[in-house]
Amino acid sequence: MKSSLPTSTDVRRIYFKQQRKKNILPEHAVLTANLNDEVRSLRIRLERSTSTTERTDIERTLERVLDDKKHIEEEYFKNLAERLTDYILDQPNQIRLQRGNSRDRETTTLNKRRPTVTLFDRYVAEVLAKSFSVRNHGRDFMIKNVLNALRMTTGAAKAQRSIVRIDIEKFFEFVDHDILRSKISRNSGVPSFALKHVNNVLNAYQRLYNRSRGLPQGVPSSSILSDIYLEPLDERIKQHPNTVLYLRYVDDIFVIADGNNAHTLTQFIDTILRDLKLRRNEDKTNLLTHPSVQRTSVSYLGYELGFRANTSQLQQVDISMAKRDRYLTAVKRLSIYAKNRICWNDVKDVDLFLASCEYLLVPHSSTGDRDSTRIVSGLAYSARYILEVDNDTPNLDAVVQAFDRSIRAIIGKVANKKKSVHLCPCCSMAVVRLKELQAAMSNHYSSKKILSMPARPHLDDSLREKSRNLLWKF
């Protein structure tokens with residue numbers, strides 16, 4: 001039991017993992033924000049200094065500031081680890097879940113007013129991942145492997161290749177509790193507190209929805225529980241003699257196989273899913289066999305992959321139609337805000353508009369100390385693998401052109417350089433941030449231009465959060 005109790009190192013790892021997955025600055029970084037700024041400033045001074053005496057003084061100061069930063073963070077994580085230990089030693093017999101909404105789907109979350117429960121749930125997820133040797137790979141890993149494998153498995157006249165892309169229908173709603181409980185309880189490496197927490201989560205879900213199937217979408221441990229549940233699927237497909245590459249991102253499956261085996265492999269997958277009381281989503285199933293006499297394409301994790309007719313070589317990488325539509329909706333939301341809700345004499349309104357314009361297309365990166373995890377956002381970043389292939393990008397172009405037309409037209413009405421007077425339509429007062437607005441209007445964007453842009457530093461956290469809400473939250 002003692003070896004399973006959390007340490008400050010465990011908590012630190014959980015926080016940095018959350019930072020990478022959720023694209024947020026962790027709380028401990030905010031606690032040491034001033035020290036982070038001082039560290040960056042000292043390192044710049046150190047690089048520029050030519051005086052030996054001055055360099056020695058800067059190095060001493062830098063060492064002291066880094067020690068202060070390390071001490072603050074260590075105390076922060078130590079206190080959280082102690083709080084988790086107390087929770088484990090006095091673990092409740094029941095927990096509560098609550099319903100919520102995120103965009104177009106219902107979510108089920110832990111009590112947000114009890115942050116220790118959420119942290120404990122994340123710790124349980126780490127423990128389960130270790131017990132089952134589960135290693136989660138992100139979207140970047142998946143896309144890189146797909147592109148590399150497609151280059152190595154190019155279709156030829158006498159060599160065939162199959163591509164199978166499958167989505168599991170309503171996966172999180174149909175996970176069978178009995179199968180999942182049995183699988184976890186049979187693993188001797190799972191500590192009793194982790195098993196109890198899983199049972200508490202499933203029992204709470206049962207009480208909330210009155211059914212013994214489904215995982216709460218919104219509880220952090222659901223991700224690792226879904227991986228544990230689908231372990232038989234992963235192992236059996238990987239072991240199939242025709243499988244060249246197998247990838248699964250939650251319930252989205254991508255397989256590259258030798259020969260004309262798309263239908264056979266799909267039937268094989270259907271059999272495994274039936275054993276798990278799951279089924280394939282027919283509407284989101286793509287089966288391709290190469291070489292093909294016609295051009296083919298498949299969508300995966302936000303990218304559209306197009307293949308040339310006859311040779312079936314990878315010809316095109318673009319953003320997917322779904323991602324295109326999502327960004328077009330964000331452009332529309334920004335336009336509606338600019339036309340109906342903004343006062344061009346209000347600095348806060350105009351700053352939010354300019355910030356949202358930036359965050360929509362341009363990549364932004366966190367500016368922590370040199371050892372911090374980078375946080376990058378923006379269409380240019382999420383579409384960066386398009387650069388792997390020199391091709392036309394109609395979906396990406398549609399977003400960039402819609403943004404360029406819409407934003408230039410909006411700004412042109414209030415900040416056109418040809419006008420001598422610039423007044424807000426709603427209050428007839430002077431337009432603020434005039435130079436910034438005019439600079440934004442004169443900055444013509446293109447797909448190639450944004451993809452080649454270096455990441456800019458993130459804006460103020462509050463402004464960044466408001467921009468995110470304006471563009472993406474419904």
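This passage looks at three residues of a predicted model, two in its interior and one at its surface.

A good place to begin is Leu150, which is found in helix α6, the stretch covering residues 139-152. With a relative accessibility of 1%, Leu150 counts as buried, since the limit for that class is under 20%. Its surroundings draw on distant parts of the chain: Leu150 and Leu314 are separated by 164 residues in sequence, yet their C-alpha atoms are 6.8 Å apart in space. Leu314 is also one of the residues in contact with Leu150 once neighbours within four places in sequence are set aside. The others in that set are Arg161, Ile163, Ile256, Leu305 and Phe307.

His197 offers a second view of the interior. This histidine sits in helix α9, which spans residues 192-209, and is buried, with a relative accessible area of 1%. Not counting residues up to four places away in sequence, His197 touches Gln91, Ile95, Phe120, Asp121 and Val124.

Attention now turns to the surface and to Glu75, a residue of helix α4 (residues 52-89). Glu75 has a relative accessible area of 33% and is therefore partly exposed, a class that lies between buried, under 20%, and exposed, over 50%. On the surface, Glu75 joins Glu82, Asp86 and Asp90 in a patch of negative charge. The 33% of Glu75 also satisfies the requirement for patch residues, which must have over 30% relative accessible area.

Methods:
Residues are numbered from 1 along each chain as its sequence is written. This is a predicted model: local features need pLDDT of at least 70, side-chain atom pairs count only at pLDDT 80 or more; totals for chains, interfaces and linings use all residues. Side-chain values use heavy atoms; hydrogens and water are left out. Patches are made of residues with over 30% relative accessible area and no salt bridge: like charges are joined within 9 Å, nonpolar side chains (Val, Leu, Ile, Met, Phe, Trp, Tyr) within 5 Å. Accessible areas come from the Shrake-Rupley method with a 1.4 Å probe; for residues, only the protein chains shown count as cover. A salt bridge is a side-chain nitrogen of Lys or Arg within 4 Å of a carboxyl oxygen of Asp or Glu. Lys and Arg count as positive and Asp and Glu as negative; His and the chain ends are not counted. The place of a charge is taken as NZ of Lys, CZ of Arg, CG of Asp or CD of Glu. Helices (H or I, at least four residues) and strands (E, at least two) are DSSP runs, numbered from the N terminus. Buried means under 20% relative accessible area, exposed over 50%, partly exposed in between (1.4 Å probe, protein chains only). Contact means heavy atoms within 4.5 Å.
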